[in-house]
Structure formats: structure tokens, C-alpha cells
Amino acid sequence: MAASDRMVLGPLVGAIDQGTSSTRFLVFNAKTAELLSHHQVEIQQKFPKEGWVEQDPKEILKSVHECVERTCEKLQQLNIDITNIKAIGVSNQRETTVVWDKTTGEPLYNAIVWLDLRTQSTVERLLKRIPGKNKAFFKFRTGLPLSTYFSAVKLRWLLDNVEEIRQAVDDGRAMFGTIDSWLIWSLTGGKNGGVHCTDVTNASRTMLFNIHSLEWDPELCQFFDIPMEILPKVRSSSEIYGLMKSGALTGVPISGCLGDQSAALVGQMCFQDGQAKNTYGTGCFLLCNTGQKSVFSEHGLLTTIAYKLGRDKPVCYALEGSVAIAGAVVRWLRDNLGIVKTSQEVEKLAAEAGTSYGCYFVPAFSGLYAPYWEPSARGIICGLTQFTNKNHIAFAALEAVCFQTREILDAINKDCGIPLNQLQVDGGMTNNKVLMQLQSDILCIPVVKPSMPETTALGAAMAAGAAEGVGIWSLNPGDLTAVTCERFEPQINPEESEFRYARWKKAVMKSMGWETSEAPSNGDTSIFCSLPLGFFIMSSMIMLIGAKYVSVISIVGLRTESTED
């Protein structure tokens, strides 16, 4: 590539996209929104107990460094000058909670991931302090129901159960943050002057943040008994937070920060009231922009901050439907059941089946999120026959993602009053054409997928490039690059869609009420933890063994008599 060609590229913007299952660093051309290069590293999830989901914050940070360095190497191999990278944006898995020691820079516990269910007993204890045990008691301040999903209850659990964290809080050494805060603090110097901040979109997912005043709420912090001094400073989604302090991009400003779903909304350019997108990642998240007005759902949706693209810019809100398990069900088929070796094989199996043959899969591995908010639910597969095989289960798994999206879309249509006439989609799962066609069939509306599906990273890059002091990416509607799309139209009649959806709803009802938080104090769920039951089972086993022994002696005796005859 000639030097003149390199100059045509103009300014570039990098985006750190730190998700639940992987970390990526992507570099875009700020003038054309073209993706030039990227690198991806898969992140390990730890499951130390049933319902617990953790990640290593140091592994996450290391993966970011690796992705940045490898992407820069790839750009140099393409003869692209990395000094043209003028800003970096951060997009992150939301709610996932980290506490670290600001004097050593070391995490004080693994990150508790948004999917984690260990805090159910914490939630129930907190509910007892709320009039009528109303989960929606703080809804008009936070936009959220009291749930295991959000950061405040995860932080409360850490303070209750991890002595090192309690001690660090007492000593004034503790810092709390979601993944964006941990990364920005670490990348801007860490213990040597790192910037401890978050943006409004991530703050709005903690349950400690007032989405109207745009500040940490002292009464909420008091209710959860969270010391406010450990919280990060809340900033807009588009401003310079600090500079990279190491690696190939030392000195480049970090100037954009958005929770992943808000980043996808920006990347899909849903800047108008009523525009919506659905992201298919580990979970599935449908956001509808409601503009500068916060709309509160009557149908199980969340009210969240969509973005605030500048210190002096207005805040915009969104209605959100959150599904815990989407891409994670494909990973479960691969890693837990072992019916496929790669995630891509699921599409092939589902295509071969062409139907679930009456099999329905409710992947409520972490309970049910919107619109039910039912932590007692657990995953079920029903409608099985001797004819059912792995192809049908693969099809049912993909269909489950689509049915969950249908439930959320129905709720958004009811809350907004104007049904969506098409659904804009993005995320890794949208590469699955069987899934996209299924989604259109089940929704009975077109599904529109951008040809460049990395909209989450694109949104973070747009926020970073548009920041005051950077100013290389225009967010004016007339300046935004037109996006080419692939379109999926419904191919089944609405009656068939409704029949399948009704069967799915029946399966959802069957999944509820499976689990309670009332477990033995030591966490041992073995049948032998009940003394009377254990005694009964042990005595029964002894009787069975004794009976078998007696029968064997009798048979041997009979055989001896027969031989003697």
C-alpha cells in the first residue's frame, strides 16, 4: 500500500469490546465506519457452585492488552500506520461486578458475572425490608426491579461474604466498578494514577444510580448499605477520561464508554424515538429508544439510560427487554451436552431437522428475566418422543431464542403503543441464517441485519471519535454512513407462528417454581443431609443388600441339593 493510499484512510478509532464470552479490539475508519482489523480472545467462565458464574478480572485485563497488541500488529502487516488511531472507546458486559485494591491494583475477588444467581437469598432478605415485598419499589428511581441481575446485590454479597473486601473498605483501599471501570482504571495507570470512573449507561445498571438526577443516590446506597466512597465517578458516554499508559497505543485517549447494549443501539444508529435493535450475544437484549423521556413499563421491561453523548448533551432513555440465555444455549449444547464440536454446527443440525418436531426448549439456566423476572425458573426440554434426536434439540434451542425475543417485542409494542414494523438485529448469533429466518417467522415481521454486524464495537468507536477534544467522528444524521443490510422476510403463515408460540408459552409455565433459596445452611443438597430420610434410605439399602445375600445363599443351597441328588 502506497503512502498516499495510507493517508486516504484518515483518522482511525479503536474499540475495546469486552463481552461475557470474549474480548475483542477492533479498529474503524472514522470517515467511512469501515472495519479495518480486529483480534478476539475467548474468556473463561468459572462455575464454582451451581448458579454461580465468575470471571478473573486479571484474565479480562490481560485479554484486552493481547487484543490491542495483536490488532496493531495486523494493521502494521496491512501497512496501516497505527499512529492514526486517535481515540479508543470501551464497550462492556454490564452489571458484572469487580472490587479491587487501589494500592496494589489487585482484584480482591473474582468478578461476579451478571448471570450469577448466588444473591437470591440476599434479594429475599432485602425484600423483607420493602413494604409489601414489592420488587418494583425502586423502579421510578432506577428503572429496575430488585433482582440478582444488578450490581448492587452482587456488591452487597461481596461485602457480606468476603473478609478481604470488608477489610479493604475499612482501610479505605477498596474500589468498586463494573468491567468498564476496572478496564479504564487499569489502562489509564492503575495504582499509579488510574482514572476511577464509569459512564451513565453502566451506572444505570447498578441499582445505586438515580436515572433522573444522573447521580449516585444516597438513599439507595443506604438501603443496600454500600459505602459511597468506593463508587466510581459518573461521566458521560463521550468525553476524554484519560490516556493509555502502556503498549502500542500509549498516549491515545480513552474517550468513549457505553454498556454493550447501549453501544449496539448507537452502532445501529437508533437515535430517533421508537427505533429499536435486538442484540444476540450470550444473552439477548432488545432496546427501544424513548428519547429524552423515561418511559416506565407495565409489561416487565426495564427503563435504562440509552446514552449521553457528551458532557453538555442531553441524556436519552430506552425501554429494554433482557433475556439471560441466547448464545449461551449454543455454548451449552457444545460444552455441556457435547452434541456439537463448534457453535457453527448447531446451524447445520437445525437446518437438517427443519423443525423441532414438537420439542420445546426453555433455557432458564439463570431463571427467567424479562418479562417474568422469575428467579425460581429452571431450564426444561419438553415434548420429547422416541423420534426426537439432537437435530430437533438444536432446532428447539434456536427457536427458544426467537420465542424469548417475541415475548419482549410484544411487551415493547404494548408499552409504546406503536408496533415495530421490522426488527434491526446485531451480535454474533446473527451470522446464523437459520436463526434469523426463524426469528422473522416467529415475529411475523422482517428482520434486518447490517452487513457489518460489529455494531456494539462500532457504537463505542463512534462515541470515542465524537468526544470533545477528539472530534473526528460526526454524529449528525446527515453525516452518518449508510449501512447495507440483509433482510429476512416471514415465510410461514401467522397461524402456524401463533400455534408454536402458544406451545412455547405453555412450556415456560412448566419451567417456573423449580428452585427456592431455602437450602441447608452448609449448601449441601444431598439427600443424606436429612437425618430421618438418610436413615430410611440407608436402612432400606441394608435390607436390600441383606435380602440379596439371603437369596444368593438360598440359590446356592438349592444348587447343592440338586447336585447331591
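For the residue classes used throughout, Ala, Val, Leu, Ile, Met, Phe, Trp, Tyr, Cys and Pro count as nonpolar, Asp, Glu, Lys and Arg as charged, and the others, Gly among them, as polar. The model is predicted, with local features requiring pLDDT of at least 70 and side-chain atom pairs counted only at pLDDT 80 or more, whereas totals for chains, interfaces and linings use all residues. Residues are numbered from 1 along each chain as its sequence is written, and side-chain values use heavy atoms, with hydrogens and water left out.

The chain contains 17 helices and 23 strands, where helices (H or I, at least four residues) and strands (E, at least two) are DSSP runs numbered from the N terminus. Of its 565 residues, 57% count as buried; buried denotes under 20% relative accessible area, exposed over 50%, and partly exposed the range in between (1.4 Å probe, protein chains only). Among contacts in the chain (heavy atoms within 4.5 Å) with a separation of 6 or more, 71% involve residues 24 or more positions apart.

In soluble globular proteins, nonpolar side chains tend to be buried together. A nonpolar core is defined here as a set of buried Ala, Val, Leu, Ile, Met, Phe, Trp, Tyr and Cys residues joined through side-chain atoms within 4.5 Å. The largest such core comprises 141 residues, of which L146, F224, Y280, L398 and W473 touch the most other members. Helix α13 supplies the largest share of this core, namely 14 residues. With residues up to four places away in sequence not counted, F224 touches L126, L146, A152, V153, R156, M207 and L208. A second, separate core of 37 residues includes I43, W182, Y241 and I254.

Helix α3 (residues 120–127) has Q120, T122, V123, L126 and L127 as buried residues. Viewed down the axis of α3, these buried residues fall within an arc of 160° and therefore line one face of the helix, the arc being that of the directions from the helix axis to the C-beta atoms. The elements covering the buried residues of α3 include α5 (151–161) and α9 (218–224).

Internal space was evaluated on a 1 Å grid over the protein atoms alone: a cavity is a set of points where a 1.4 Å probe fits but cannot get out, a pocket is an open set with protein on both sides within 12 Å along at least five of seven lines, and lining residues have an atom within 4 Å of a point. Grid points are joined across faces, edges and corners, and a volume is the space filled by probe spheres set on the points. The structure holds 2 cavities of 30 Å³ or more. The largest cavity has a volume of about 110 Å³. Its lining consists of 13 residues, with Q120, S147, T148, W373 and P375 the closest to the centre; by class, this lining has 7 nonpolar, 4 polar and 2 charged residues.

The second largest cavity has a volume of about 90 Å³. Of the 13 residues that line this cavity, V323, L368, Y369, A370 and Q404 are the closest to its centre. Both β18 (316–323) and α13 (390–416) supply at least two residues each to this lining, which is composed of 9 nonpolar, 3 polar and 1 charged residues. The second largest pocket encloses about 440 Å³ of space. Its lining has 20 residues, and Y307, L309, K313, P314 and L475 are the closest to its centre. The lining of the second largest pocket divides into 9 nonpolar, 5 polar and 6 charged residues.

Several backbone and contact features occur in the loop between β19 (360–362) and β20 (380–382), where P371 lies. The peptide bond from A370 to P371 is cis, with omega near 0°. W373 is located in this loop and adopts a positive phi near 50° in a residue other than glycine; W373 is buried, with a relative accessible area of 12%. P375 also belongs to the loop between β19 and β20 but is partly exposed, at a relative accessible area of 23%. With residues up to four places away in sequence excluded, P375 touches Q120, K135 and G367. The C-alpha atoms of P375 and G513 are separated by 8.4 Å, with the two residues 138 positions apart along the chain.

A positive phi, near 65°, also characterises the non-glycine residue N79. N79 is found in the loop between α2 (57–77) and β5 (85–92) and is partly exposed, with a relative accessible area of 32%.
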